[in-house]
Amino acid sequence: MHVSASTLPGNAADSAVHAAANTLFIHDLQVRFNLSRGVLRAVNGVSLSLRQGETLGVVGESGSGKSVTALAVLGLDRKSTRLNSSHT
């Protein structure tokens, strides 16, 4: 499994201020599984931000990546997971 996330493009100071204002800040989360028949993109481009006291509900069809997203955010995924974060 490969997990990557990055901050918003642009000024590094602006990105840092935006991220600091939030308890949880994720931009462009991607989760991929390396399978014998190729790479499966389980999550592609999820972005969200939450401030202290806010609640987020995630809804979607079966197999849409809700659980994979939550596991990646919480760090409760496979040992082969790798997190990349790009700060510009």
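**Figure 1. Val 68 is in contact with Val 31, Phe 33, Ala 42 and Val 43, leaving aside its neighbours within four places in sequence.** The model shown is predicted. Val 68 sits in helix 2. Buried or partly exposed: which word fits Val 68? Its relative accessibility is 23%, and buried requires a value under 20%, so Val 68 counts as partly exposed. One of its partners, Val 31, is 37 residues away in sequence. In space, the C-alpha atoms of Val 68 and Val 31 are 7.7 Å apart.

**Figure 2. Phe 33 is a buried residue of strand 2.** Its relative accessible area is 15%. The cut-off for buried is under 20%, which is why Phe 33 falls in that class. How far apart are Phe 33 and Val 43 in space, C-alpha to C-alpha? The distance is 9.7 Å, with their positions 10 residues apart in sequence. Both Phe 33 and Val 43 are in contact with Val 68 of Figure 1.

**Figure 3. Thr 69 is buried in helix 2.** Its relative accessibility is 13%. That value is under the 20% limit, so Thr 69 counts as buried. What lies 2.7 Å from a polar atom of the Thr 69 side chain? The backbone oxygen of Gly 65 does. Thr 69 also touches Leu 29, Val 43 and Val 46, not counting residues up to four places away in sequence. Val 43 appears again here: Val 68 contacts it, and Thr 69 touches it.

**Figure 4. Asp 28 has a positive phi, near 60°.** Most residues other than glycine have a negative phi. Asp 28 is not a glycine, yet its phi is positive. Asp 28 belongs to strand 2. How accessible is Asp 28? The relative accessibility is 27%, and partly exposed covers values between 20% and 50%, so Asp 28 counts as partly exposed.

**Figure 5. The second largest pocket has a volume of about 210 Å³.** Its lining consists of Leu 24, Ile 26, Leu 48, Leu 50, Leu 56, Val 58, Lys 66, Thr 69, Ala 70, Val 73 and Leu 74. What is the chemical make-up of this lining? The residues divide into 9 nonpolar, 1 polar and 1 charged. Thr 69, shown in Figure 3, is one of the lining residues. Strand 2 (24-35), strand 3 (38-50) and helix 2 (66-74) each supply at least two residues. Which element gives the largest share of the lining? Helix 2 does, with 5 residues.

**Figure 6. The whole protein follows the pattern β-α-β-β-α-β along the sequence.** The secondary structure comes to 2 helices and 4 strands. The protein has 88 residues, and 23% of them are buried. Phe 33 and Thr 69 are among the buried residues. The accessible surface comes to about 6200 Å². Carbon and sulfur atoms account for 54% of that surface. What share of the contacts with a separation of 6 or more joins residues 24 or more positions apart? The share is 55%. The pair Val 68 and Val 31, in contact and 37 residues apart in sequence, gives an example.

Definitions and conventions. Residues are numbered from 1 along each chain as its sequence is written. This is a predicted model: local features need pLDDT of at least 70, side-chain atom pairs count only at pLDDT 80 or more; totals for chains, interfaces and linings use all residues. Side-chain values use heavy atoms; hydrogens and water are left out. Buried means under 20% relative accessible area, exposed over 50%, partly exposed in between (1.4 Å probe, protein chains only). Contact means heavy atoms within 4.5 Å. Accessible areas come from the Shrake-Rupley method with a 1.4 Å probe; for residues, only the protein chains shown count as cover. On a 1 Å grid over the protein atoms alone, a cavity is a set of points where a 1.4 Å probe fits but cannot get out, and a pocket is an open set with protein on both sides within 12 Å along at least five of seven lines; lining residues have an atom within 4 Å of a point. Grid points are joined across faces, edges and corners, and a volume is the space filled by probe spheres set on the points. Ala, Val, Leu, Ile, Met, Phe, Trp, Tyr, Cys and Pro count as nonpolar, Asp, Glu, Lys and Arg as charged, and the others, Gly among them, as polar. A polar contact is a pair of N or O atoms within 3.5 Å; within protein, one must be able to donate a hydrogen and the other to accept it, and residues adjacent in sequence count only if both atoms are side-chain atoms.
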